[in-house]
Amino acid sequence: VALLSLLFLYILIPGNIEKNQNTNEIRELATEKARLESELSNLQNLEQNSYCSGGQLVVPTGQENSFLPPNNEATLAQNLEKSVVLVLVFSSGDEGMGLGSGFFISPSQVVTNGHVISEKKVRPEAVFVLNKHIGIQEVRIDTFDFDNDFAGDFAVLSLAENIGQALPLANINDPSQSKLSSVFAAGFPGNVIESDAEFRKLMETEEFSMPDLVITDGTISSHQNVFGEASAFVHTALISQGNSGGPLVNTCGQVMGVNTFTLSDDGSVRNFSLTALELMKHLRKNGLSPRLAPKECN
């Protein structure tokens with residue numbers, strides 16, 4: 001890009017173009033100028049639309065619009081439909097099948113909660129992720145962190161193909177400044193999707209079907225170091241069992257946190273989301289570099 005820019009500037013300097021050049025030479029220079037402008041534009045788009053994941057440069061194909069923040073709630077919902085997945089976990093013994101939510105952090109990697117995969121540190125027999133855009137895909141467990149506390153509760157799952165649309169992690173400098181920010185929780189709460197005919201079809205037949213993604217809205221109420229262990233947002237976007245591992249996003253579609261648990265007492269329910277800062281710690285500890293939003297959401 002730098003070399004092309006210098007050459008482009010060199011061509012534009014009037015002193016470098018002789019005044020007695022004939023029309024054909026001027027036409028050739030104009031054609032070369034247009035070619036360089038086009039090539040420079042393509043390189044700039046490539047630079048802006050690419051990102052690093054696991055030390056590799058990832059260039060999505062046909063997903064350029066996914067890098068732009070949504071301009072309305074309908075676009076945000078469409079982006080979440082492509083990025084958020086239902087996680088199905090099959091274990092031996094009494095555990096049977098479990099479910100949760102997750103989301104793409106790269107075209108081939110999904111983040112969810114560690115407790116969605118296993119609460120007993122026993123690797124399940126099989127894990128699948130699915131949504132309307134990728135179908136159903138078996139995944140490999142790349143990282144796993146859950147110790148029945150709130151110090152860490154994440155897992156990274158890998159697909160065999162680059163088919164997912166990644167959500168960017170929000171660029172959070174000071175979580176305490178996020179209070180009253182508008183947020184959306186996306187996932188597959190069991191008490192909602194159990195009445196979805198598509199979910200019942202998925203469970204009862206061998207034919208693929210997909211329950212509708214559940215999106216709730218709310219605001220961030222506070223930022224806490226939960227029980228002195230982990231950075232978390234308390235928010236009012238309704239979540240329940242099955243939302244675990246799903247994203248809490250801002251109006252720009254950036255991941256503010258990972259919905260992890262709820263606490264209830266005296267008839268009130270508090271919703272907790274481990275912040276994107278906590279997720280970044282887990283990813284960096286395991287040598288992963290997800291797509292990070294270039295600036296804070298306005």
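## A barrel, an enclosed strand and some well-tucked side chains

Let's start with one pairing: Ala-185 sits opposite Thr-216 in strand E11. Keep in mind that this is a predicted model, where local features need pLDDT of at least 70 and side-chain atom pairs count only at pLDDT 80 or more, while totals for chains, interfaces and linings use all residues. Residues are numbered from 1 along each chain as its sequence is written, and side-chain values use heavy atoms, with hydrogens and water left out.

**The overall picture**

The protein chain has seven helices and 15 strands. Both kinds of element are DSSP runs numbered from the N terminus: helices are H or I with at least four residues, strands are E with at least two. Of the 298 residues, 47% are buried. Here, buried means under 20% relative accessible area, exposed means over 50%, and partly exposed is in between (1.4 Å probe, protein chains only). Contacts (heavy atoms within 4.5 Å) often span long stretches of sequence: among those with a separation of 6 or more, 66% are between residues 24 or more positions apart.

**The barrel**

Six strands close into a barrel, with antiparallel pairing, in the order E10-E11-E12-E15-E14-E13. Two strands pair if DSSP finds at least two bridges between them. From one strand to the next, the twist averages 45°; axes are lines fitted to C-alpha atoms (for helices, over the stretch in contact), and angles run from 0 to 180 degrees between N-to-C directions. The Ala-185 pairing from the opening fits in here: E10 (residues 182-187) and E11 (residues 214-226) run antiparallel and share six bridges.

Helix H7 (residues 276-285) lies across E12 (230-235), E14 (255-265) and E15 (268-275), at about 40° to E15. Helix H3 (residues 73-83) has its own buried set, namely Leu-76, Asn-79, Leu-80 and Ser-83. Looking down the axis of H3, these buried residues fall within an arc of 100°, so they line one face of the helix; the arc is that of the directions from the helix axis to the C-beta atoms. They pack against E3, E4 (97-106), E6, E10, E11 and E13 (247-250).

**Strand E9, hemmed in**

All six residues of E9 (residues 153-158) are buried, so this strand is largely enclosed by the rest of the structure. In a regular strand, side chains alternate between the two faces of the sheet. In E9, Asp-153, Ala-155 and Leu-157 point one way, while Phe-154, Val-156 and Ser-158 point the other way. E9 has antiparallel links to E5 (residues 109-112) through four bridges and to E8 (residues 140-146) through six. Thr-112 has Ala-155 as its bridge partner in E9, and Asp-145 stands opposite Phe-154.

**Aromatic pairs**

How many aromatic pairs does a search of the whole structure find? It finds two. Rings of Phe, Tyr and Trp (its six-membered ring) pair if their centres lie within 6.5 Å; planes under 30 degrees apart count as stacked, over 60 as edge-to-face and the rest as tilted. Phe-90 and Phe-128 are edge-to-face, at 5.9 Å centre to centre with 85° between the planes. Phe-90 lies in E3 (residues 84-90) and Phe-128 in E6 (residues 126-131), so this pair ties together parts that are 38 residues apart in sequence. Phe-261 and Phe-272 are stacked, at 4.6 Å centre to centre with 5° between the planes. Phe-261 is in E14 and Phe-272 in E15, 11 residues apart, and both are buried.

**Two buried polar residues**

His-282 is in helix H7. Its side chain makes a polar contact with the side chain of Thr-143 at 2.7 Å. A polar contact is a pair of N or O atoms within 3.5 Å; within protein, one must be able to donate a hydrogen and the other to accept it, and residues adjacent in sequence count only if both atoms are side-chain atoms. Leaving aside residues up to four places away in sequence, His-282 touches Thr-143, Asp-145, Phe-154 and Val-156.

Asn-113 sits in the loop between E5 and helix H4 (114-117). A polar atom of its side chain lies 2.7 Å from the backbone nitrogen of Gly-245. The C-alpha atoms of Asn-113 and Val-258 are 7.7 Å apart, although the two residues are 145 residues apart along the chain.

Here is how some of these residues compare for accessibility:

| Residue | Relative accessible area | Class |
|---|---|---|
| Phe-90 | 31% | partly exposed |
| Phe-128 | 21% | partly exposed |
| His-282 | 5% | buried |
| Asn-113 | 0% | buried |
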